[in-house]
Amino acid sequence: MQLKKIRLAGFKSFVDPTTIVLPSNLVGVVGPNGCGKSNIIDAVRWVLGESRARQLRGESMDDVIFNGSSARKPVGKAMVDLIFDNSSGRIGGQYAQYQEISIRRELTRDGASSYFLNGTRCRRRDIQDVFLGTGLGPGSYAIIEQGMISRLVEAKPEELRGYLEEAAGISRYKERRRETEHRLNRTNENLLRIKDIHEEIEKRLKVLERQAAQAEKYREYKEQARELQALMIARELQGLAEEVQQKQQALQTASVEMERLNAEQTTIESTMESTRLEYQEASERFDKVLGDYHGIGSKVSHLESSIQHAKQQREQ
């Protein structure tokens with residue numbers, strides 16, 4: 001497996017889109033200090049999943065994005081694309097059929113990091129799985145840079161063992177074993193958690209059963225109370241209906257009595273009218289009699305005067 005091309009844009013000193021062609025197995029990059037030679041190795045490590053800013057000679061991961069200069073403005077995204085020749089079929093699995101493998105990583109200033117494998121968006125883990133056992137990786141032995149030899153010589157037994165396992169091609173299986181053990185541990189933790197949850201749910205179920213029994217009793221009592229209330233209302237309505245019936249009968253009796261009294265009132269009014277007429281006639285007769293009485297009284301007075309006068313004349 002051979003690295004054929006490196007395409008960079010906005011990565012460190014490579015602000016403009018740049019393509020570095022690697023035509024053979026032995027390629028040298030020469031130039032003065034500060035021209036960006038080490039940035040090429042940093043780009044390769046970065047694409048292969050390096051997440052430690054110190055290994056990329058920076059303080060934070062944003063330092064890989066071109067930060068501007070006196071003549072250029074800063075850019076908002078860094079992109080590096082690696083093109084590998086896989087004609088030998090070193091990369092197996094689902095990508096063994098591809099003659100070329102393209103790996104691209106992009107990073108924006110808002111912290112969004114994206115990986116692409118043959119143009120398809122993927123995870124960082126997918127990139128690392130592809131190159132397990134091939135010697136390539138963010139910290140693998142296949143990338144030899146300044147200080148790498150001394151690190152190999154001075155490496156601790158555990159670190160040297162890691163390099164040897166990577167060279168022997170068993171790191172892939174150890175990584176899968178480590179992931180499997182990690183998944184088993186997480187599964188055991190989840191089982192313990194599920195057991196705790198199960199016990200907690202059983203406790204809650206007992207409480208809920210008691211609450212359900214109480215709720216059932218409450219529902220029964222509520223139903224009984226509703227039936228009793230309905231019975232009381234029915235009885236009250238029956239009593240009210242009887243009372244209304246009695247009131248209607250009393251009202252009907254009162255209506256009959258009122259009609260009778262109205263008839264009597266009409267009769268009395270007729271009698272009063274006839275009596276008034278009789279009184280008027282009697283009053284007129286009384287006035288006539290009274291007039292006659294006064295006339296007779298005058299005549300009597302006149303006759304008495306005449307008698308008295310005659311008596312006086314007789315005496316004379």
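How many bridges pair strand β1 with strand β3, and in which sense do they run? Hi everyone, let's start there, and please keep in mind that this is a predicted model.

The pairing of β1, residues 2-9, with β3, residues 77-85, is antiparallel and covers seven bridges. If you want a place to look, find I6 in β1 and you'll see L82 of β3 standing opposite. Strand β1 also has β2, residues 18-21, as a partner: these two run antiparallel as well, joined by four bridges. Here K5 has V21 in β2 as its bridge partner. As a general reminder, side chains in a regular strand alternate between the two faces of the sheet.

Now to the loops. Most residues other than glycine have a negative phi. So what about K12, in the loop between β1 and β2? Its phi is positive, about 50°, and K12 is not a glycine. K12 counts as buried because its relative accessible area is 12%, and the cut-off for buried is under 20%.

N118 is another one to click on. You'll find N118 in the loop between β5 (113-117) and β6 (120-122). Its phi is also positive, about 55°, and again this is not a glycine. N118 is partly exposed, with a relative accessible area of 25%.

Last stop, the surface. Which residues form a nonpolar patch there? They are I197, I201, L205 and L208, with about 330 Å² of accessible area together. I201 sits in helix α5, which spans residues 171-315. With a relative accessible area of 42%, I201 is partly exposed.

Thanks, everyone, happy to go back to any of these!

Note on methods:
Residues numbered from 1 in each chain as written. Predicted model: local features only at pLDDT ≥ 70, side-chain atom pairs only at ≥ 80, totals over all residues. Heavy atoms only, no water. Patch = residues over 30% accessible without salt bridge, like charges linked within 9 Å, V, L, I, M, F, W, Y side chains within 5 Å. Areas by Shrake-Rupley, 256 points an atom, 1.4 Å probe, with all protein chains shown as cover. Salt bridge = Lys/Arg side-chain N within 4 Å of Asp/Glu carboxyl O. Buried < 20%, exposed > 50% of the residue type's maximum accessible area, 1.4 Å probe, protein only. Pairing = 2+ DSSP bridges.
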